[in-house]
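The following exercises are to be worked through with the sequence and the three-dimensional structure at hand. Each task is followed by its solution in steps.

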Amino acid sequence: KTLQKTIFSLLASLLLVGCADKPKIEADYTVIPLPQEITKSDGELFTLNSSTKIVYPNGNDIQKQTAEFLSEYIKLSTGLNLKVTDQESTDNVIILKADYKSEKAESYNLTVNGKQIVINGSDEAGTFYGVQTLRKSMPADATQNTVVFPAVEIKDYPRFQYRGQHLDVSRHFFPAEFIKKYIDILALHNINRFHWHITDDQGWRIEIKKHPELTKIGSQREQTVIGRNSGEFDGKPYGGFYTQEEIKDIVAYAQKKFITIVPEVDLPGHMLAALATYPNLGCTGGPYKVWGEWGVADDVLCAGNDSIYTFLEDVYSEVIELFPSKYIHIGGDECPKTRWKTCPKCQAKIKAEGLKADAHHSAEDKLQSYVISRIEKFLNDKGRQIIGWDEILEGGLAPNAAVMSWRGMEGGIEAAKQKHEVIMTPNSHLYFDAYQTRDIQDEPLAIGGYTPIEKVYAFEPVPSQLSADEQKYIIGTQANLWVEYIDDTKHVEYMILPRMAALAEVQWTEPEKKDFNTFLPRLNRMLKLYDRLGYNYAKHIFNISSKIEPSSDKKIITVTLATADNAPIYYTLDGTTPTDKSTKYTQPIEITASAELKAVAIREGNPSKIYSETFSFNKATLKKVNLESQSHDQYTYNGAITLVDGKRGNNSFGSGEWLGFNKNGLIAVVDLDEPTEISTVSVGSLISAGSWIFNAREFTVLVSDDNKTFKQVANEAYPALTKDEAKLLDLTLTFAPVKARYVKVIVKNEQSIPAWHAGKGSSAFIFVDEIIIN
Ligand code: NAG
């Protein structure tokens, strides 16, 4: 403590210049997102004090508003109450203007000298982003300091024109006040589009004057399923919606922060809330219920019924009155064609419109495109452009549609080739409903997956396989937050922060200027601002992260540990709790036998969350494994060695520790290096029926000495799954001891999903991890 004090006063006196009574603290322009060009000069510093004025151009109300925001931001960080004025002045002023010449919209030039800070935007939005940069460059908690700004010239512009963040308010509802806070968070990250997913199966959340029943009935559900479609319900009615007055207020609020709200009324699927209100809009006539479960419902709008078009036109007419956005999102995702196939009206429509199946698309796919094109025409006539999820490619794209690519990048690539605008939002990198850590024991329930901040940061929205001309169609990128498992606003904040900081840099900063290593300390400063603003963010970056590299050649597992801020790490290998007396981590740890690694980072005497990883060795560990069946691309990670790396997969299927197979199941041969006596083989499996991951149906073990002729030593078949389940299950076969060098394991997946499941008839995934041989 005393040492700290001396260092502090030393620092303080170093910073103290002249007779200022508060210690000086310097602004740092390397904010998030990182500006494109920062040129520091040796000129005089600008000192912020209580008589600094913020000057906006006379008569410009928009700039006046931005000036007032800046004044609020400065107050929050420094406690100073700066005057906002349109009286020109040259000394001790922050000047806002918008006549910077730049090819790109939303650009700005920020210059600082001893007398002035000038933020000059290429347009008013540009000035606003300059203000955001200035605000973020100040230390977040500088009330006891004098903030000084080094002389600088910053030239900045956004890489992408469409920088989005989405929020689902149907599965759970968040009050209007929170939507404003959400917009503030977006603005802090230079995001300019808020994609508001405002209707879905589980609730209709927008007041439509012509159809008041939509919110009366469609915004309320009887109850909600517990967990991941467990089959059990909470028995509590749930609902909520936004009135048009609230929406207008929110739209205006967002506009002041240069955020355009892109509303989405999802059609023709994800419409149960509307069907529950108006059963005649569905193929079967209902009755329907506002859904209390998650997933994809078979009941969708009846494309053969002309009243759906009138209904949709009524709805969209009011939607476009409320939302000035050029882009209107019409959904288009996950619309099963089950009902349409057997619905006389839909079939009549297919005939009447002459829609025909071709090599790639069914007539029903074409019917979906017909619906989308009809709505597109309606909205185009009103001067708007539609965006749809990538499924709208399936029956042929509507002529002017922009595509939001969510099932990976492929849809976006295809759309760009067809010269349609694209927004990249792949669920592999930008679905913020996924877990942000592998260690999910203490995490709130999430949909699954594993999308840590470094993965978001590494995302590159422009596919290299597109030509330069095609690449121009990638107008931007966006992250999505679906809220099946998120029912309170603190949890919303936790899922988006700090991943949104990484997103901001993907959206704004040119890729060659991005660097995760410099991002982390910058993020550290941003987190202080989150603290100041009362945002609830995830703190995983302070945990110990690890890189685990098994090598079957060297027969060792190398474990590299790290923290974002290089805090010292201590560890044990015997399962005891590490302290600062334990072995200090100085170089990668080499594991050659069973061990329980525990590690802790210590900051100013405070221990971090304990990192732990168990390695258990058996006769198969670190042996060579040959996969004779192909694991699914998305679930292959480091490949075969994952199955013998001494580490067990946990209940998160996307953790990288599970290999997923969906064609022929798992067929693998383990080479034990020399003839070895064995009598038991087991394979770990993960079942998560909600994610189409089923149980194994059969397990066979064969042995061989030459890797050619195999002899079966054990086999067992398992019954089909009878209900929705999620669990870990070890498959084990024991047999009379035999000596063998090669062991073949065959684990068959479910070839035909049982009828109680949405995927009935299709083949299912199996997820397998450790192969254990003893
Ligand atoms: C998709 C659905 C969405 C769901 C989400 C969960 C899209 C376009 N559609 O299955 O309704 O909430 O994943 O991650 O994302």
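**Exercise 1.** In this predicted model, determine how many residues of each class form the shell around the ligand.

Solution. The shell around the ligand comprises five nonpolar, no polar and four charged residues. To verify this, list the surrounding residues: Asp333, Glu334, Trp389, Trp406, Tyr431, Asp433, Ile447, Trp482 and Glu484. Then sort them: Trp and Tyr count as nonpolar, as does Ile, while Asp and Glu count as charged.

**Exercise 2.** Establish which residues of helix H10 are buried and which are exposed, and how the buried ones are arranged about the axis.

Solution. Begin with the bounds of H10, residues 344-352; within them, Cys346, Lys349 and Ile350 are buried. Viewed along the axis of H10, these buried residues lie within an arc of 100°, and they therefore line one face of the helix. A general rule applies here: an α-helix has 3.6 residues a turn, so residues three or four places apart point the same way. Next, turn to the other side of H10, where Pro344, Ala348, Lys351 and Ala352 are exposed. Finally, identify the cover: helix H9 (338-342) and helix H11 (363-381) are included in what lies over the buried residues of H10.

**Exercise 3.** Describe the largest nonpolar core and state which domains contribute to it.

Solution. The largest nonpolar core has 165 residues, and Ile54, Ile259, Leu272 and Val422 have the most contacts inside it. Domain 1 (22-156) and domain 2 (162-540) each supply at least three residues to this core. Another core, of 39 residues, lies apart from it and includes Ala620, Val747, Ile766 and Ile773.

Definitions and conventions:
Residues are numbered from 1 along each chain as its sequence is written. This is a predicted model: local features need pLDDT of at least 70, side-chain atom pairs count only at pLDDT 80 or more; totals for chains, interfaces and linings use all residues. A nonpolar core is a set of buried Ala, Val, Leu, Ile, Met, Phe, Trp, Tyr and Cys residues joined through C-beta atoms within 7 Å. A residue is buried if 20 or more other C-beta atoms lie within 10 Å of its own, exposed if 12 or fewer, and partly exposed in between; C-beta atoms are placed from the backbone. Domain bounds come from an automatic or database domain assignment. Helices (H or I, at least four residues) and strands (E, at least two) are DSSP runs, numbered from the N terminus. The arc is that of the directions from the helix axis to the C-beta atoms. Two residues are in contact if their C-beta atoms, placed from the backbone, lie within 7 Å. A residue is near a molecule or strand if its C-beta atom, placed from the backbone, lies within 6 Å of it.
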